[in-house]
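The exercises below are to be worked through with the sequence and the model at hand. Each task is followed by a solution in steps.

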Amino acid sequence: MWDIIAVDISGRHRIKGGYYMVCAAAALTVSANYIEKVKQIKILPLWLKRAPSLLDIVQLIEDTADQLSFEGTIVAEKGDMYNKPRWVTESMFSRAFKYQESIAERRSIELAHHISLSARNLLIKELQIEA
């Protein structure tokens, strides 16, 4: 078993003249095929008036992961990092980073996706940021 921080960002499309994104970071212990334990979950919203760059995405992920009292490798989908090669994105993070490889890492990112999308939808409704 090993420790990871699965991340996902929802909302990288234009809404009301800007980009309202929510990043979810889930601190987990996983085995090859399963999520063994969920230790912590944090979310962080971000509003940008311009389209997010790769640096914006890296900073949002790092800021969200920094809220966790947990060490682990950050695991993300390649698409969240604009399909850049791993060596490009690894060099931008201050902690260990990788793209998902195992079934458990894929499931972990799916969990983070459900959290980020649900949190974004709830915040959009509550803050009355309608499309």
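**Exercise 1. An aromatic pair**

Does Trp47 count as buried, partly exposed or exposed, and what is its relative accessibility?

Solution. The model is a predicted one, in which local features need pLDDT of at least 70 and side-chain atom pairs count only at pLDDT 80 or more, whereas totals for chains, interfaces and linings use all residues. Residues are numbered from 1 along each chain as its sequence is written, and side-chain values use heavy atoms, with hydrogens and water left out.

Step 1. Buried means under 20% relative accessible area, exposed means over 50%, and partly exposed lies in between (1.4 Å probe, protein chains only). Trp47 has a relative accessibility of 35% and therefore counts as partly exposed.

Step 2. Rings of Phe, Tyr and Trp (its six-membered ring) pair if their centres lie within 6.5 Å; planes under 30 degrees apart count as stacked, over 60 as edge-to-face and the rest as tilted. By this rule there are three aromatic pairs. One of them is the tilted pair of Tyr20 and Trp47, with 6.1 Å from centre to centre and 45° between the planes.

Step 3. This pair links distant parts of the chain, since Tyr20 belongs to strand β2 and Trp47 to strand β3, 27 residues apart. Strands (E, at least two residues) and helices (H or I, at least four) are DSSP runs numbered from the N terminus. Tyr20 counts as buried, because its relative accessibility is 6%.

**Exercise 2. The sheet**

State the order of the strands in the sheet and identify the strands that stand at its edges.

Solution. Step 1. Two strands pair if DSSP finds at least two bridges between them. Five strands form an open sheet with mixed pairing, in the order β3-β2-β1-β4-β5.

Step 2. β3 and β5 are the edge strands; each has a single partner strand, so one side of each is left without a neighbour in the sheet. On average, neighbouring strands are turned by 25° against each other, direction ignored.

Step 3. Strands of a sheet pair through backbone hydrogen bonds, either parallel or antiparallel. β1 and β2 run antiparallel and are joined by nine bridges; Ser10 has Val22 of β2 as its bridge partner. β2 and β3 are also paired in the antiparallel sense, over 12 bridges, and a hairpin of four residues joins them. Ala25 stands opposite Lys42 in β3, and Val30 stands opposite Ile35 in β3.

**Exercise 3. Both faces of β2**

How many residues of β2 are buried, and which lie on each side?

Solution. Step 1. In β2, 12 of the 12 residues are buried, so the strand is largely enclosed by the rest of the structure.

Step 2. In a regular strand the side chains alternate between the two faces of the sheet. One side of β2 holds Tyr19, Met21, Cys23, Ala25, Ala27 and Thr29, and the other holds Tyr20, Val22, Ala24, Ala26, Leu28 and Val30.

**Exercise 4. Helix α3 and Arg120**

Determine which strands the buried residues of α3 pack against, and describe the place of Arg120.

Solution. Step 1. Contact means heavy atoms within 4.5 Å. The buried residues of α3 pack against β1 (2–10), β2 (19–30), β3 (35–48), β4 (73–76) and β5 (97–99). Among these buried residues are Ala104, Ile109, Ile115 and Arg120.

Step 2. The expected span of a helix is 1.5 Å times one less than its number of residues. The 24 residues of α3 should therefore span 34 Å, which agrees with the 35 Å between its end C-alpha atoms.

Step 3. Arg120 is part of α3 (residues 103–126). It counts as buried because its relative accessibility is 5%. Leaving out residues up to four places away in sequence, Arg120 touches Ser10, Gly11, His13, Ile15, Tyr20 and Val22.

**Exercise 5. The surroundings of Met81**

Where does Met81 lie, and which residues does it contact?

Solution. Step 1. Met81 lies in the loop between β4 and α2 (86–90). Its relative accessibility is 0%, so Met81 counts as buried.

Step 2. Apart from neighbours within four places in sequence, Met81 contacts Leu54, Ile57, Val58, Ile61, Thr89, Phe93, Phe97 and Tyr99.

Step 3. Ring pairs link Phe93, Phe97 and Tyr99 into a cluster. Phe97 counts as buried, because its relative accessibility is 5%; Tyr99 is buried as well, with a relative accessible area of 10%.

Definitions and conventions: Axes fitted to C-alpha atoms, helices over the stretch in contact; angles between N-to-C directions.
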